[in-house]
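Visitor: I would like a close look at one part of this model, and then to be led outward from there to the other places that deserve attention. Please take the residues one at a time and keep the surroundings of each in view.

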Amino acid sequence: EVLVVVVIIGIIASMAMVSTRVLGGDHEMDQETKRFVAVLAQAREDAMLEGRDVGLRVDARGYDFLRYDGRREQWQLETEDAMLRARSLPEGLEAGLWLESRQVKLAARVAPTERTPPQPQVVLMASGDMVPFELRLERAGTRELRAVVGSIEGKFEVLKNDAVARR
């Protein structure tokens, strides 16, 4: 009988752990949001230190960074800095981008060519200013939502679920 009671308690405890994880929010989404803010803050810092504009290019599945080449007068994919490498979102997460309170239709990121050089949607300027934006992450099949809001002064704010809907 004691063994049966121990098994039942173990089952109940494991169900409580699973329900806490589900009800406690989306930790993977929180982690991805924190990573995005950290990488973006580093990109802004690099832009100010190097005196060169850095661009952010987003699609529904991820993002990458560009640097402005003043000699060629065009944007180039960032390939030298490992921190600013192209990143893909985890399975089930999708990104959306808003500029000037309007949703941007995100095309898939494609390799640049001479005819179609890459273009950023958000620019982090060497002065420290940036194009204001809102990047939203959503988990398919859930109501979980995170938003990273970037202001013109270069500050970032993270919003969750209801706070995003109120914007």
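Guide: S101 is exposed, with a relative accessible area of 75%, and its place is in the loop between β5 and β6. This is a predicted model, and what follows should be read as a description of that prediction. The phi angle of S101 is near 65°, a positive value in a residue that is not a glycine. E100 lies in the loop between β5 (93-99) and β6 (102-104) and likewise is not a glycine, yet has a positive phi of about 55°. Most residues other than glycine have a negative phi. At a relative accessibility of 72%, E100 also counts as exposed, because the threshold for that class is over 50%.

From this loop we can turn to two arginines that lie in strands. R57 belongs to strand β1 (residues 54-59), and with a relative accessibility of 10% R57 counts as buried, since the limit for that class is under 20%. The side chain of R57 makes a polar contact of 2.7 Å with the side chain of D64, while a polar atom of the R57 side chain lies 3.3 Å from the backbone oxygen of V110. When neighbours within four places in sequence are left aside, the residues in contact with R57 are G62, Y63, D64, L66, L77, R109, V110, P118, Q119 and Q121, a list in which both of these polar partners, D64 and V110, appear.

The second arginine, R67, is found in strand β2 (residues 62-69) and is buried, with a relative accessible area of 6%. Here the side chain of R67 is joined to that of E78 by a polar contact of 2.4 Å. Beyond four places in sequence, R67 is in contact with D46, E50, R52, D53, V54, Q74, W75, Q76, E78, D81 and L84, so that the surroundings of this buried arginine include the acidic residues D46, E50, D53, E78 and D81.

W75, one of the contacts of R67, leads to the aromatic residues, for the structure holds three aromatic pairs. In one of them, the rings of F36 and Y63 have their centres 5.0 Å apart and their planes at 85°, and the pair is therefore edge-to-face. F36 lies in helix α2 (residues 27-50) and Y63 in strand β2, so this pair ties together parts of the chain that are 27 residues apart in sequence. Both partners are buried, F36 with a relative accessible area of 2% and Y63 with 4%. Another edge-to-face pair is made by Y68 and W75, whose rings are 5.3 Å apart from centre to centre, with 70° between the planes. In this pair Y68 is partly exposed, with a relative accessible area of 30%, whereas W75 is buried, with a value of 10%. Ring pairs also link F36, Y63 and F65 into a cluster; Y63, a member of that cluster, is in addition among the contacts of R57.

Helix α2 also holds L49, which counts as exposed because its relative accessibility is 67%. L49 and A82 are 33 residues apart in sequence, and their C-alpha atoms are 17 Å apart in space.

M125 provides another view of how separate parts of the chain are arranged. M125 lies in the loop between β7 (122-124) and β8 (133-139), and at 31% relative accessibility M125 counts as partly exposed. The C-alpha atoms of M125 and R52 are separated by 7.1 Å, although the two residues are 73 residues apart along the chain. Not counting residues up to four places away in sequence, M125 touches A47, M48, D53, M130 and V131; of these, D53 is also in contact with R67.

The last stop is a nonpolar surface patch of about 300 Å², made by L3, V7 and I11. V7 is found in helix α1 (residues 2-23), and its relative accessibility of 45% places V7 in the partly exposed class.

Methods
Residues are numbered from 1 along each chain as its sequence is written. This is a predicted model: local features need pLDDT of at least 70, side-chain atom pairs count only at pLDDT 80 or more; totals for chains, interfaces and linings use all residues. Side-chain values use heavy atoms; hydrogens and water are left out. Patches are made of residues with over 30% relative accessible area and no salt bridge: like charges are joined within 9 Å, nonpolar side chains (Val, Leu, Ile, Met, Phe, Trp, Tyr) within 5 Å. Accessible areas come from the Shrake-Rupley method with a 1.4 Å probe; for residues, only the protein chains shown count as cover. A salt bridge is a side-chain nitrogen of Lys or Arg within 4 Å of a carboxyl oxygen of Asp or Glu. Helices (H or I, at least four residues) and strands (E, at least two) are DSSP runs, numbered from the N terminus. Buried means under 20% relative accessible area, exposed over 50%, partly exposed in between (1.4 Å probe, protein chains only). A polar contact is a pair of N or O atoms within 3.5 Å; within protein, one must be able to donate a hydrogen and the other to accept it, and residues adjacent in sequence count only if both atoms are side-chain atoms. Contact means heavy atoms within 4.5 Å. Rings of Phe, Tyr and Trp (its six-membered ring) pair if their centres lie within 6.5 Å; planes under 30 degrees apart count as stacked, over 60 as edge-to-face and the rest as tilted.
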